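This report concerns a protein model with bound ligands. It treats the sheets and the ligand surroundings in turn.

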Amino acid sequence: MNAQQVEDLTSFMEAVVRRNPGEPEFHQAVHEVAMDIIPYLADKPLYRDMMVLERMTEPDRIISFRVVWQDDHGGVQVNRGYRVQQNNAIGPYKGGLRFHPTVTQSVLKFLAFEQVFKNSLTGLPLGGGKGGSDFDPKGKSDLEVMRFCQAFMTELSKHVGPDTDVPAGDTGVGAREVGYLFGQYKRLVNRFEGVLTGKALEFGGSRIRAEATGYGVVYMMQDMLAHHHESIDGRTCVVSGSGNVATYCAEKLIQLGGKVVTLSDSSGYIHDPEGLTLEKLQWVMELKNKRRGRIEEYAREYGVEYHAGEHPWGVPCDLAFPCATQNEIDGAEARTLIENGCRAVAEGANMPTTPDAIKVLRASPGLLHAPSKAANAGGVAVSGLEMSQNSLRMQWSREEVDKHLREIIASIHAQCVEFGTASDGHVDYFKGANIAGFNKVASAMLAYGVM
Ligand SMILES: NC(=O)C1=CN([C@@H]2O[C@H](COP(=O)(O)OP(=O)(O)OC[C@H]3O[C@@H](n4cnc5c(N)ncnc54)[C@H](OP(=O)(O)O)[C@@H]3O)[C@@H](O)[C@H]2O)C=CC1
Ligand SMILES: N=C(CCC(=O)O)C(=O)O
């Protein structure tokens, strides 16, 4: 960036911080995009005059509501629910629901902003949004989760619909929660319609949706490496998380010959130097999805090390897949990855690298780094395909959906290369994803005029 662009970025971010006080996660997500878009708009006066980036940074609306439910002891519980409807310039609002005690408006605004660019990259007609609650499903009975979901959807149902806003899963919202949410919606509106994605196959779900995000991260890694005449086969892989994204990321890596040596949860990580097998992974999925257990149990079951309270980024690897949560890799951990010879990072979680980590990784010329808005778009892509199947009142085969998923990720990689390749051939995947994601939304917003 030249001096003028630095000045423009600084004044842009000062305005964002002023208008959104006390929302550090949202500021971070906006800065990650603005640092590439501000220079990109230097020779595009129409976009600047029409304040397109400023308008993209302002949600269309934020809905906040009280959620009251009764626990198993008859006690009355109060939570806060949200839906951030960020931008529907290219399609209905589309994005997950996160149930986690760390949920705040700032976290959901970062996720909704990120979702706009991610959904645009898929090439599908999907706008961006995100919602959720500070409700913690951990340690709750199925009936308590059901009562919360029913109370949450009673309010949310007033604001969503198959052509308005289509939520899905995210942290803390899996098949169980989507089932309870969909059932309540159907009861309230008396229509069977595709208002949620990630549904079970029995009621309009799409094959591969559960696997889609994790598989897509690996497909993105595959394309990044192939662009440099390399592959995943035989590479040591460090994966964080042990939920939906992490477990299917690990599954696809193992199928492609990768050696997955870690999984984690919010209490710590396991290190299996021999590498997980598909059977061991099946055991983890059962542990997490059925018994709601902790990853520490894996260490006892298979006689491997467990590191309480730590992240897995100190374990030497060729390929790193952060699949847990935002800001899980900081500058020091990024330096450790590079010192240990890491070749590439593909982000499964949303915004898992801090600004310092991004700086460190970007400064390492040999390292390939795919941002979450590009690498983890497989989930929302298959959600979009679920919406298509619902509209057609059809259900495609596993092979058909996986073929579409593979093509969408290949297209996202190609867009990143088109807009992110420097004169020396180095591909800046962050720049490519930010510009490619911006373009389609910006064109639509210009076409609509001043609104
Ligand atoms: N589900 C989807 O379709 C998509 C999800 N994502 C993103 O992927 C990430 C994981 O989502 P998903 O797998 O669906 O969620 P899950 O709830 O299935 O799993 C989340 C995993 O991350 C761990 N985790 C959560 N918070 C923290 C934390 N603060 N510190 C350390 N570990 C943590 C959880 O551990 P614990 O069990 O201890 O809480 C769990 O292992 C999120 O960033 C999400 O936004 C991105 C695209 C699509
Ligand atoms: N949680 C998701 C999936 C959203 C969706 O499938 O609508 C994400 O892209 O972050």
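## The five-stranded sheet

In this predicted model, five strands make up an open sheet of mixed pairing, ordered 1-2-4-3-5. Strands here are DSSP runs of E with at least two residues, helices are runs of H or I with at least four residues, and both are numbered from the N terminus; two strands pair if DSSP finds at least two bridges between them. Strand 1 (61-70) and strand 5 (165-168) occupy the edges with a single partner strand each, so one side of each has no neighbour in the sheet. On average, neighbouring strands of this sheet are turned by 20° against each other, direction ignored; the axes are lines fitted to C-alpha atoms, for helices over the stretch in contact, and angles run from 0 to 180 degrees between N-to-C directions.

Within this sheet, strand 2 (residues 76-87) and strand 4 (residues 128-133) run antiparallel and are joined by six bridges. Opposite Asn-87 stands Gly-128 of strand 4.

## Basis of the model

Residues are numbered from 1 along each chain as its sequence is written, while chains are lettered from A and ligands numbered from 1 in the order in which they are written. The model is predicted: local features need pLDDT of at least 70, side-chain atom pairs count only at pLDDT 80 or more, and totals for chains, interfaces and linings use all residues, with side-chain values using heavy atoms and leaving out hydrogens and water.

## Surroundings of ligand 2

Ligand 2 is surrounded by 14 residues, of which Lys-94, Lys-118, Lys-130, Asp-170 and Ser-383 are the closest; a residue counts as near if one of its heavy atoms lies within 4 Å. Strand 3 (93-99), helix 5 (105-121) and helix 15 (378-392) each contribute at least two residues to this shell. By class, the shell holds two nonpolar, seven polar and five charged residues (Ala, Val, Leu, Ile, Met, Phe, Trp, Tyr, Cys and Pro are nonpolar, Asp, Glu, Lys and Arg charged, and the others, Gly among them, polar).

Polar contacts are pairs of N or O atoms within 3.5 Å; within protein, one must be able to donate a hydrogen and the other to accept it, and residues adjacent in sequence count only if both atoms are side-chain atoms. A side-chain N or O atom of Asp-170 is 2.9 Å from a nitrogen atom of ligand 2, and a polar backbone atom of Gly-169 is 3.0 Å from a nitrogen atom of the ligand. For Lys-118, a side-chain N or O atom is 2.9 Å from an oxygen atom of ligand 2. The protein covers 94% of the 300 Å² of accessible area that ligand 2 has on its own (Shrake-Rupley method, 1.4 Å probe; for residues, only the protein chains shown count as cover).

## Surroundings of ligand 1

Around ligand 1 there are 25 residues, and Lys-138, Asp-170, Arg-209, Ser-266 and Arg-294 come nearest. The shell comprises four nonpolar, 14 polar and seven charged residues. Ligand 1 lies between domain 2 (61-192) and domain 3 (210-375), because both give residues to its shell; the domain bounds come from an automatic or database domain assignment.

Oxygen atoms of ligand 1 lie 2.5 Å from a polar side-chain atom of Ser-266 and 2.7 Å from one of Arg-294. The protein covers 84% of the 890 Å² of accessible area that ligand 1 has on its own.

## The seven-stranded sheet

Seven strands form a further open sheet with mixed pairing, in the order 9-8-7-6-10-11-12. Its edge strands, strand 9 (305-308) and strand 12 (368-370), each pair on one side only.
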